[in-house]
Amino acid sequence: MEQNNNKRTCLYDKHVALGALMSPFGGFDMPIQYSGIVDEHQAVRQACGVFDVSHMGEVLISGNDAERYVNHLFTNNVVGMPAGKILYGMMCYEDGGVVDDLLVYKVDDQRFFLVINAANIDKDWAWIQEQAKGFDVKLEHQSDAYGELAVQGPDAEAVMQEVLGIPCAELTFYTFKQIGDVIVSRTGYTGEDGFEIYASPLYINECWDKLVASGRCKPCGLGCRDTLRFEVGLPLYGDELSADITPIMAGLGIFVKLDKDEFIGKEALAKQKAEGPAKKLVGIELKDKAIPRHGYAVLKDGQPIGEVTTGYHTISTDKSVCMALIDAQYAALDTEVEIQIRKKTFPGVVCKKRFYDKHYKK
């Protein structure tokens, strides 16, 4: 019998008890769905859902050089950002390829809390340690100390306050606060309003139980997390970002602050931005119900010009669409292309990467 070496989050037994379909993801056994991807997706779009995201990694960077070091590591600019603010950005290699995309939480001038992707925890931790030479910083790998919940949907604020007793109306988008040992932030990966709770495994279990028992917050798996983020054009590392896909190619240049003095990868990214990338990430809408999947070829006049990174028949808009990395010369809106699905080709047209409007609370 094949041995399962995947890690388990602090909520693993709860998922199994609820009858979740479990599957490996990022080195963890994670719930893919409970009642079904469509049902869970709609709950988040229309009311409220809760996700176990305890597989995410957390690193605390502190010390006299904390701000300078994080700015060296990170494409966005943390200098002068207020405490309680969160920024999205990337850690890049010297050639502009992406080590990981991440969130940086500023606790104070000497403490920054980094939230990294589960599949990249070991690689990221090694990278963060390696780049810290010469900086007066203390690095703490805190991933095992935290569980994490994401409470997402238009009812999220009411549910947080009324079910969990966590007041959060004062939080604006991409801000956070600490309540004792608990971190509560207002971000999300669904295109809806929502919150994250970082806390001890014990407290996370208590919150999960209250949310599920309330009937006001549907347990949601990683299946609908992917359909939700995809519909609003949010990238997934390994699909829309990678060591081979730079932020400029992915259309995420807004999170790359080339006016900073320096950061790892700045030179390569500045050059790519000035010259224009050879490939660009685009949206493509098919004129057919066929579903494009990751790795399928995109063609122009029968010749390959790129491949699909993520594709679905969208739940919210009932369209067959995908994101694809293609040769930049074909990336203009309304360009006609084809997608190879098994032995057939299906016509499509280049469109915006956001297939559904975001509903964040600003």
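**Entry 1: Phe113**

I started at Phe113 in this predicted model. Leaving aside residues up to four places away in sequence, I found that Phe113 touches Glu58, Val59, Leu60, Leu103, Val104, Tyr105, Val107, Gln142, Tyr146, Ile183 and Tyr198. I then looked up what stands opposite Phe113 of strand 8, and found Tyr105. Strand 7 and strand 8 are antiparallel partners, with five bridges between them.

**Entry 2: the core**

Next I looked up the largest nonpolar core, which has 47 residues. Phe113 and Tyr105 are both listed among the residues with the most contacts inside this core, together with Phe51 and Leu241. I noted that strand 6, strand 7, strand 8, helix 7 and strand 18 each give the core at least two residues. As a general rule, nonpolar side chains in soluble globular proteins tend to be buried together.

**Entry 3: the open sheet**

I followed the strands outward. Five of them make an open sheet in the order 6-7-8-5-9, with antiparallel pairing. Strand 6 and strand 9 are the edges: each has a single partner strand, so one side of each lacks a neighbour in the sheet. On average, neighbouring strands here are turned by 25 degrees against each other, direction ignored.

Is the edge strand 6 mostly covered or mostly open? I found it mostly covered, since seven of its seven residues, 86–92, are buried. Strand 6 runs antiparallel to strand 7 (residues 98–108), and seven bridges join the two. One pair I looked up is Ile86 with Tyr105. The two strands form a hairpin with five residues between them, and Gly96 in the turn has a positive phi of about 95 degrees.

**Entry 4: helix 4**

Which residues of helix 4 (121–131) are buried? I listed Ile121, Asp124, Trp125, Trp127, Ile128 and Gln131. These lie on the same side of helix 4, because they cover an arc of only 165 degrees around its axis. The buried residues pack against strands 5, 6, 7, 8 and 9 and also against helix 3 (66–73). Helix 4 lies across those five strands of the open sheet, and runs at about 170 degrees to strand 9.

**Entry 5: the barrel**

Last, I looked at a barrel that six strands close in the order 15-18-17-16-19-20, again with antiparallel pairing. Its neighbouring strands are turned by 45 degrees against each other on average, direction ignored. Helix 7 (residues 222–231) packs on this sheet and touches strand 17 and strand 18. The direction of helix 7 makes about 120 degrees with that of strand 17. I also noted six bridges between strand 19 and strand 20, where Val337 has Gly348 as its bridge partner.

Definitions and conventions
Residues numbered from 1 in each chain as written. Predicted model: local features only at pLDDT ≥ 70, side-chain atom pairs only at ≥ 80, totals over all residues. Heavy atoms only, no water. Buried < 20%, exposed > 50% of the residue type's maximum accessible area, 1.4 Å probe, protein only. Helix = DSSP H or I, 4+ residues; strand = E, 2+ residues; numbered from the N terminus. Pairing = 2+ DSSP bridges. Axes fitted to C-alpha atoms, helices over the stretch in contact; angles between N-to-C directions. Contact = heavy atoms within 4.5 Å. Arc of directions from axis to C-beta. Core = buried A, V, L, I, M, F, W, Y, C linked by side-chain atoms within 4.5 Å.
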